[in-house]
Amino acid sequence: MQDELGTGPQPLSSALGGNCLACHSAELVLNQPALPKAQWQAEVDKMRTAYKAPIDPKDVDAILDYLVSVKGAK
Ligand code: HEC
C-alpha cells in the first residue's frame with residue numbers, strides 16, 4: 001500500500017495525507033474497490049457530512065484526481 005501511495009504525484013498524495021489520515025489509515029481508503037469519480041466524490045462528501053471531516057474544500061479536486069488515478073473505475 002505504501003507503493004500505491006508512492007505512485008501519486010507528491011502534492012496530490014499529500015492532499016490525501018493532510019485531509020484523510022487523521023481518522024483512519026491510507027489502507028482503509030486504498031483498499032476500496034475501484035470507483036468512478038462520482039462515487040469518490042460521494043465518499044469525500046460523506047466524510048465531510050457524516051463524520052465531520054475537516055477537509056479543505058480547495059483540496060477536494062486534488063484528492064479526487066489522486067483517488068481516480070490510483071483507484072478509479074473506467
Ligand atoms: C473526521 C474523520 C475522518 C476523516 C478526516 C476522513 N474519514 Fe474516511 N472514514 C471515517 C470513518 C469514521 C469511517 C468509517 C469507519 C471505519 O471503518 O473506520 C471512514 C471510512 C472511509 C472509507 C471506507 C468506506 C466507507 O464509506 O466507510 C473511505 C473510502 C474513506 N473513509 C475515505 C476518506 C477520504 C478519501 C478522506 C479524505 C478526503 C477521509 N476518508 C477522511 C472518518 C473520516
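Gly18 lies in helix α2. In this predicted model, that residue offers a convenient point of entry. Is Gly18 buried, exposed or partly exposed? A residue is called partly exposed when its count of other C-beta atoms within 10 Å falls between the limit for exposed, 12 or fewer, and the limit for buried, 20 or more. Gly18 has 13 such atoms around it, and it is therefore partly exposed. The chain also brings a distant residue towards this part of α2: Ile55 is 37 residues away from Gly18 along the chain, yet their C-alpha atoms are separated by 8.5 Å.

The wider fold may now be considered. The protein contains five helices and zero strands, and its pattern along the sequence reads α-α-α-α-α. Among the contacts with a separation of 6 or more, 79% join residues that are 24 or more positions apart. Of the 74 residues of the protein, 12% count as buried.

Some of the buried residues form a core. In soluble globular proteins, nonpolar side chains tend to be buried together. Here the largest nonpolar core consists of eight residues, namely Ala15, Leu16, Cys20, Val29, Trp40, Ile63, Tyr66 and Leu67. Two elements, α2 and α5 (60–71), each give two or more residues to this core. Ala15 illustrates how the core is joined: beyond its neighbours within four places in sequence, Ala15 is in contact with Asp59, Ala62, Ile63 and Tyr66.

Helix α5 deserves a closer look. With twelve residues at 1.5 Å a residue, α5 should span 16 Å, and this agrees with the 16 Å between its end C-alpha atoms. Which residues of α5 are buried? They are Ile63, Tyr66 and Leu67. These three cover an arc of only 100 degrees around the axis, which means that they lie on the same side of α5. The general geometry of the α-helix helps in understanding such an arrangement: there are 3.6 residues a turn, so residues three or four places apart point the same way.

The last feature is the surroundings of the ligand. There are 17 residues around the ligand, and those that come nearest are Cys20, Cys23, Met47, Tyr51 and Ala53. Cys20 is also a member of the largest nonpolar core. Which helices supply at least two residues each to the shell around the ligand? They are α2 (10–20), α3 (26–30) and α4 (37–49), and the largest share, four residues, comes from α4. By character, the shell comprises eleven nonpolar, three polar and three charged residues.

Key: Residues are numbered from 1 along each chain as its sequence is written. This is a predicted model: local features need pLDDT of at least 70, side-chain atom pairs count only at pLDDT 80 or more; totals for chains, interfaces and linings use all residues. A residue is near a molecule or strand if its C-beta atom, placed from the backbone, lies within 6 Å of it. Ala, Val, Leu, Ile, Met, Phe, Trp, Tyr, Cys and Pro count as nonpolar, Asp, Glu, Lys and Arg as charged, and the others, Gly among them, as polar. Two residues are in contact if their C-beta atoms, placed from the backbone, lie within 7 Å. A nonpolar core is a set of buried Ala, Val, Leu, Ile, Met, Phe, Trp, Tyr and Cys residues joined through C-beta atoms within 7 Å. The expected span of a helix is 1.5 Å times one less than its number of residues. The arc is that of the directions from the helix axis to the C-beta atoms.
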